[in-house]
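Colleague: Mind walking me through this one? I'd like to start with what's buried and then move on to the pockets.

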Amino acid sequence: MENLTISDAPQQPGSAPPPGARGPPQGPPQLPPQMFTTAAQLLDLTDKKLMVVLRDGRKLIGVLRSWDQFANLVLQSTTERIFAFKPGTDPSAPEGYYADISHGIFLVRGENVLLLGEIDLDKDDDPPPGFEPADLELVKRLADEKKAQDKAKDKKRLQKLATMGFEGENLGEIVF
């Protein structure tokens with residue numbers, strides 16, 4: 001057993017132990033910082049332009065300025081991008097419109113983040129493939145109509161499942 005004092009320097013990895021010292025065997029090498037799967041992974045994304053997809057479907061684009069251990073994010077120069085498909089387009093080759101809403105500084109609670117990724121600044125000014133910029137009111141109206149259609153379709157599907165004996169989340173609200 002080694003007799004160490006508080007003034008002894010810690011042993012450097014890879015250096016040989018002092019002669020005659022027996023210590024515990026060295027464990028496996030430590031993971032590099034890029035292997036973290038916690039909020040610490042956000043360190044590499046700080047001060048970079050990101051797209052954040054929220055659980056409610058909104059898509060935010062902004063510069064990550066700060067974050068905490070719960071992955072709460074502070075985005076600067078944030079814009080919300082709304083997408084809407086052109087009526088009667090083929091789902092296999094979607095075409096549509098998009099519009100941006102400026103929000104400035106935006107605080108996102110970490111539990112609402114579904115997906116985030118860094119934006120390639122070389123392609124940042126290019127419109128998304130298959131989409132063209134349009135008036136905000138038109139895009140909002142088309143997106144709201146699509147959302148209402150999807151909600152009605154889900155309601156019918158859940159009602160049919162309820163008649164077959166299946167129970168789903170929030171089924172009581174939909175059936176009654």
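Colleague: What share of the residues in the chain is buried?

Modeller: First, this is a predicted model, where local features need pLDDT of at least 70, side-chain atom pairs count only at pLDDT 80 or more, and totals for chains, interfaces and linings use all residues. Residues are numbered from 1 along each chain as its sequence is written, and side-chain values use heavy atoms, with hydrogens and water left out. Buried means under 20% relative accessible area (1.4 Å probe, protein chains only). The chain has 176 residues, and the buried part comes to 20%.

Colleague: What pattern of helices and strands does the chain follow?

Modeller: I'm taking these as DSSP runs, numbered from the N terminus: helices are H or I with at least four residues, strands E with at least two. There are two helices and six strands. Read along the sequence, that gives β-β-β-β-β-β-α-α.

Colleague: Which strand supplies the largest share of the largest nonpolar core?

Modeller: A nonpolar core here is a set of buried Ala, Val, Leu, Ile, Met, Phe, Trp, Tyr and Cys residues joined through side-chain atoms within 4.5 Å. The largest has 12 residues, among them Leu50, Val52, Leu54, Phe106 and Val108. Strands S1 (49-54), S2 (59-67), S3 (73-85) and S4 (96-108) each supply at least two of its residues. The largest share, three residues, comes from S1.

Colleague: Which element gives the most to the lining of the largest pocket?

Modeller: On a 1 Å grid over the protein atoms alone, a pocket is an open set of points where a 1.4 Å probe fits, with protein on both sides within 12 Å along at least five of seven lines; lining residues have an atom within 4 Å of a point. This pocket has 26 lining residues, with Phe83, Ala84, Leu142, Ala143 and Lys146 nearest its centre. S3 and helix H1 (136-163) each supply at least two residues of that lining. The top contributor, with nine residues, is H1.

Colleague: And how many charged residues are in the lining of the second largest pocket?

Modeller: About 230 Å³ of space lies in that pocket, a volume being the space filled by probe spheres set on grid points joined across faces, edges and corners. Its lining includes Met51, Lys59, Arg81, Glu118 and Asp120. Counting Asp, Glu, Lys and Arg as charged, Ala, Val, Leu, Ile, Met, Phe, Trp, Tyr, Cys and Pro as nonpolar, and the others as polar, there are five nonpolar, no polar and, for charged, seven.

Terms used
Buried means under 20% relative accessible area, exposed over 50%, partly exposed in between (1.4 Å probe, protein chains only).
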